[in-house]
Every structure is written in structure tokens, then in C-alpha cells.
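Student: Could you take me through the sheet in this one, and what sits around it? I'd like a close look at that part rather than a tour of everything.

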Amino acid sequence: MTAASKETLGFKTEVKQLLHLMIHSLYSNKEIFLRELVSNASDACDKLRFEALKNDALYEGNGDLAVHIDFDAEARTVTIEDNGIGMNRDDVVNHLGTIAKSGTAEFLSQLSGDQAKDSQLIGQFGVGFYSAFIVADKVTVETRRAGDAADSATRWESAGEGDFTLESIDKAERGTRITLHLKDGEEEFADNFRLRSLIKKYSDHIAVPVYLPQEVDAEDDDGDKKKVPEAVNEAKALWTCAKSELSDDDYKEFYKHVSHDWNEPLTWMHNRVEGKLDYTSLLYIPSKAPFDMWNREATRGLKLYVQRVFIMDDAEQFLPMYLRFVKGVLDSNDLSLNVSREILQQDKQVDSMRSALIKRVLDTLTKMAKNEPEQYQNFWNEFGEVVKEGPAEDFANKEKIAKLFRFATTQSDGETQSVALEDYLARMREGQKKIYYITGDNHAAASSSPHLEYFKNKGIEVLLLTDRVDEWMVSHLNEFDGKVFQDVTKGELDLDELADETEKSQQKELEESHKDLVERLQKVLEGQVKEVRVTSRLTDSPACLVVGQYDMGGHMRRLMEAAGQQMPEAEVSLEVNPGHPLIARLDQEQDEDRFSELAQVIHAQAQLAEGSQLKQPAEYVAKLNKLLLELMK
Ligand SMILES: Nc1ncnc2c1ncn2[C@@H]1O[C@H](COP(=O)(O)OP(=O)(O)OP(=O)(O)O)[C@@H](O)[C@H]1O
């Protein structure tokens, strides 16, 4: 090998940042490097087995796939070697010099410098190969892609700082050998007992055997104790084992292997189905939302196996978008080994499996909500916003999904979304036929809206909807248990349903006695509001804005505008509260200029209370200041 074939390349900036972080924040969990590297080795064996379905020659005469771990206490090294798919030079540069995940920059920008918080975030990001640098100050990767010539292998070497070197080498066996040159103080890992217990702990149920050399009662050629490789793990894919053989810890470790998540799963579902369809599924619900849950390009889906042969990662067709946080494995005996993503999209059996998996997840969540409300609350806090996409995407399960929803309401405690629609129905006032809600940019804005005054007085509960998806969700859900959803800021207040006879006649009287005021206001606010009305929906506020029953609410409008959508002018009405001293005072104002100024201020305040921005805030401030000065005279 000539020296010229060795080149030095720089890591991409995000790799440098990630490495630095990983080394500093994951130090107290350093042993996980072994799980990550063995996980990658096992994935590499899975990939080879898959490619060899079409090209048996890739086995190069050896189809016994395995991972071998070895160590040298004197040299302070640990090696992890697999005979899986291996990498060519381009693969090495692409996989071990960059981070290909979408949203990486966004992830890095969320990091705070606080080690505990950051290690949690890195856990959600997935640690992977670079975790080797937590314990090693130099890592050597020697690898040859299956099917490539022995002299076209690659050696990658790096101290985990700014750069890495690449050189061409000869490697007789296909696959990847990773040598960790342990840092000072990390010698504990170059030890048979330590490695053995880590493999048992982290990699017992991956499908390939993991070997460690074991001394036997014989001598080798040099007269030293002879060592032979001994399989340390069960090497039986976890989902193929009977539930009774598995402990919770087994399931939890396997979750970390399939998901690359650092946290424990919230719960799991392991089912073997035999009948019209024949498959095994092992689905996990994570306890923490991944960093890229809102990234449209983020990978999602299950690991798909056919008759225990790995076929693909991220098979998306088995679960809908609103359950995109579910992780796990699906092993089908019906699908063909040649199945591709395109075929999956049109396959009837896939549709049936998908329906069954959705049902399983929804049933599990329903049970959790009933039997373990605290755990369910944790789930909802993490994933509720995603589940709210359900009614739009999965009409058939609309009712079931809606039962899982939790909301903050005018009667619940703080911002936590904890009230189920069934609880709401149980608390409905006699004669109440609708489910009332209000949308807002945040909890404080929604819960202090003037529109709620009437409902608070009447003791009618109102849902406080502040997630971006809410208005869209409600428009698809439409009703629950026969009760329609009604936005309290839309349309005229439906007194027929809520008020008694006295209130109704009072409202009529108010309208009669304030005809004049309404006309004057209408004139002054011409072009700014569609209509002015007197209302009994307010008690503490002088006025509020109301949009038409079928028009878009202010919250949704702001979201659309923020997303760059051109929105037509909204048609809003102003409702005034004649019982409020300001409105009473306004009614008596004889000076038309002053009347107009006061009316403009009241209109602007109604806009502010609703969470809107004023078109001419400076004009409002000037008018308000003028009034204040007059007060101080
Ligand atoms: N032993 C190996 N054999 C072949 N390819 C490997 C091996 N180890 C890593 N790779 C390649 O390097 C890529 C990056 O590995 P890394 O562990 O950083 O991320 P990952 O496994 O894709 O995802 P995660 O961050 O979730 O672990 C892998 O996707 C794979 O293509």
C-alpha cells in the first residue's frame, strides 16, 4: 500500500458538534457504545441476508453470519467484527463522515449546554456509531463490502476530533472490523467478564450470535491457554420467542436496539397472529417524542421481516401518520421475500395488517387511559398533538380516536390537557346540546377570552384548544356522541339552547332599547366590522369580536397567515355589552367626534383581547393616551 493512497478528510460541522456533545454528555452512560456497535453489526448482517436473497454469491461461501468481539488488555483495545454487508469507500465517507438524518441542524440548535438535558436529547436523536468515542481516543474501522475484491477494502481512522483518514487496504473477509483504542481510565472494557455481561445485558435478543473468546483446557502453538469463540447471547430474535420466555427487561433492551432511542418504552404489544393472515408484530410506544416528530421528511414505520429475514427499515405502510411515533417489528409469513415499497403500497394483505395494527394500538391506549391514567397522561403530553391528526386521516376510527383525546377546559387545572370528551359530556348542563370550545394561541389567551364570560357565569364548561392542529381536528371530528362542536367565538350566541325565557326577553329588550347606539356604532365602524350587535354573552368586558358560524376563526387565520397563506379580509361583527359602564357612557356621549374615538378604542381592545394584531397600533396608542390625559385633568 502506498502512502499516497492515504487521505485525510474533515468531518462535517454537525459531526464535530455531535461528537463533542456525545463525549461530554453521555459519559455517565458510556457502556452503551457496545450496544450501538453490536446493533450496527447485527443490522449489517440483516442487510447482507436480504441482498443475498437475489445474489447468493455475496455470501462468498460463508453464510454463517456472526459478530465477534475480542479484546487485548495489554494494548487496551476492544474489537467488534461482523461478516455482514460491509461498506465501500463511498459508504464509509457518507456514513462515518456526515450525519444523513434530516433535521440534524434543527436538533443541534435545540441543545442547551446543560449536560442532563442534552444527554436526554441525544438519546432521542439516536447515538449510533459515534458513541465509540465516549470510551476510545482512536477508532479504526476496516471494512469491505460483500462482493467487492479483497484488495478494495477501506481503513477509516479518527481520533474523533476534526478529521479522519482513509486508506485502501486488503481485507480477506467481508464485513466490518471496528477497533477501539480505549482512553486512559477505560481499561475496564478490555475484560472478558465485563464484555460478557454487557452483551448479555444489551444484546441478548438480537438475531445474530455474538461471540467472545473463551479459554479452554488446552494450549495453543505458543504454549498459551487456547481460546475458542463462544456464543454469549441467546441469538434468537426476540419477537420469535414466546412471551412467557421474556422479561420486561428483555423487551426494554430490544426496544433500544430497534428504535435507537435511549429512553425506556412506555409500553409494548407482542402478538402472534395465525389465521387468514400469519404474522408476528412487536409494537412499542415510546415514552418520549423523538426530536423530529414534526419533520415531514423524518423516517417512520416498522422494521419489516418476511419469514425472519430482514427486508427493510421504516416500512411506512403499516401504520398511519397519526401513529407515526409507534416503533417496532413486523414479521410476516404471507408477504413475498421480493416485496418492495411499491408492492407494499398496493397489497391487500398489507391493508388488513395495517387495520389490525391500528386497532391494537388504539385498544392498548384505550386500556391504558382507563387503567393507568397517570401513564396515559404522560403519553398524551408527549404525543397528543399527533393523535389529534387522527380524525382527518382515519375516518373509520374517528370515534375511538376521539375517546382518547384530552383537553384543557375552563374547569380543569392549568394548561394540562386532562379532560376526556366523555367527562365533558357527563358534566354538561341540563339541556346543553353542544360541546363548546374556544381556540387560542396559548392557554392564557384562550382562558381569558371575553367570549367565555357568559359560559363561566352559566357554569358551562368550554374546551380550551391551543394546539395548532385543533381547529383542523374539530372540523373533521364535527361531533362526538351525537353532540356537535361549537366555537364560542363564532356566530350569534345560541340563546335558544342556553338561556331561560326571562333572559331571552331581556335580550329582546336590550336590542330594542339600544337600537340607536348600534346604529351610531355601525356608522363609525363602517368598513371595519360587518355588523354591530348588543349581546348578553359578556359580563366583564365591554365588547368582543364574533366571526360568522362558517368563517375561519382568528386563531386559524393567524396560523395560515404565518404559514404564508394570503387570507381574504375576515368578516367580523362587533358585539357590545350594554351592561358595561363604558358602553353605557358611550351611549350617552353627545359629541360625535368623541363618540367615534371611544368606539375606535373599544373596537381595538376587542381585537387585542382576541389575540389579533392591530393594523395601526400607533393610532390606538395615541387615542388611548388622549383619553387618559383627559381623565387626569
Ligand atoms: N458494522 C457496520 N457495517 C456496515 N455498515 C455500518 C456498520 N456500522 C455502521 N454502518 C453504516 O453507518 C451508518 C451510520 O451508523 P450510525 O450508527 O451512526 O447510525 P444509524 O445506525 O443509521 O442510526 P442511529 O443513529 O439510529 O444508530 C449506518 O446506517 C450504516 O449504513
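Tutor: Sure, and one ground rule before we start: two strands count as paired here if DSSP finds at least two bridges between them. Keep in mind that this is a predicted model. On that basis, 9 strands make up an open sheet with mixed pairing, and the order across it is β1-β6-β5-β4-β7-β3-β2-β8-β9. The edges belong to β1 (7-10) and β9 (225-231), each of which pairs on one side only. From one strand to the next, the twist averages 25°.

Let's zoom in on the β1 edge. β1 and β6 (residues 163-169) run antiparallel and are joined by 4 bridges. If you want a spot to click on, find Glu 7, whose bridge partner in β6 is Leu 166.

Now for the helices. Helix α2 (residues 32-52) packs on the sheet, where it touches β2 (67-72), β3 (77-82), β7 (175-182) and β8 (210-219). The direction of α2 makes about 20° with that of β3. Helix α3 (residues 89-96) lies across β1, β4 (136-144), β5 (153-158) and β6, and it runs at about 25° to β5.

Helix α2 also takes us to the ligand: α2 gives the most to the shell around it, with 3 residues. In total, 15 residues surround the ligand, and the closest are Ala 44, His 95, Gly 126, Gly 128 and His 260. Sorted by class, that shell has 8 polar, 6 nonpolar and 1 charged residues.

Technical notes: Residues are numbered from 1 along each chain as its sequence is written. This is a predicted model: local features need pLDDT of at least 70, side-chain atom pairs count only at pLDDT 80 or more; totals for chains, interfaces and linings use all residues. Helices (H or I, at least four residues) and strands (E, at least two) are DSSP runs, numbered from the N terminus. Axes are lines fitted to C-alpha atoms, for helices over the stretch in contact, and angles run from 0 to 180 degrees between N-to-C directions. Two residues are in contact if their C-beta atoms, placed from the backbone, lie within 7 Å. A residue is near a molecule or strand if its C-beta atom, placed from the backbone, lies within 6 Å of it. Ala, Val, Leu, Ile, Met, Phe, Trp, Tyr, Cys and Pro count as nonpolar, Asp, Glu, Lys and Arg as charged, and the others, Gly among them, as polar.
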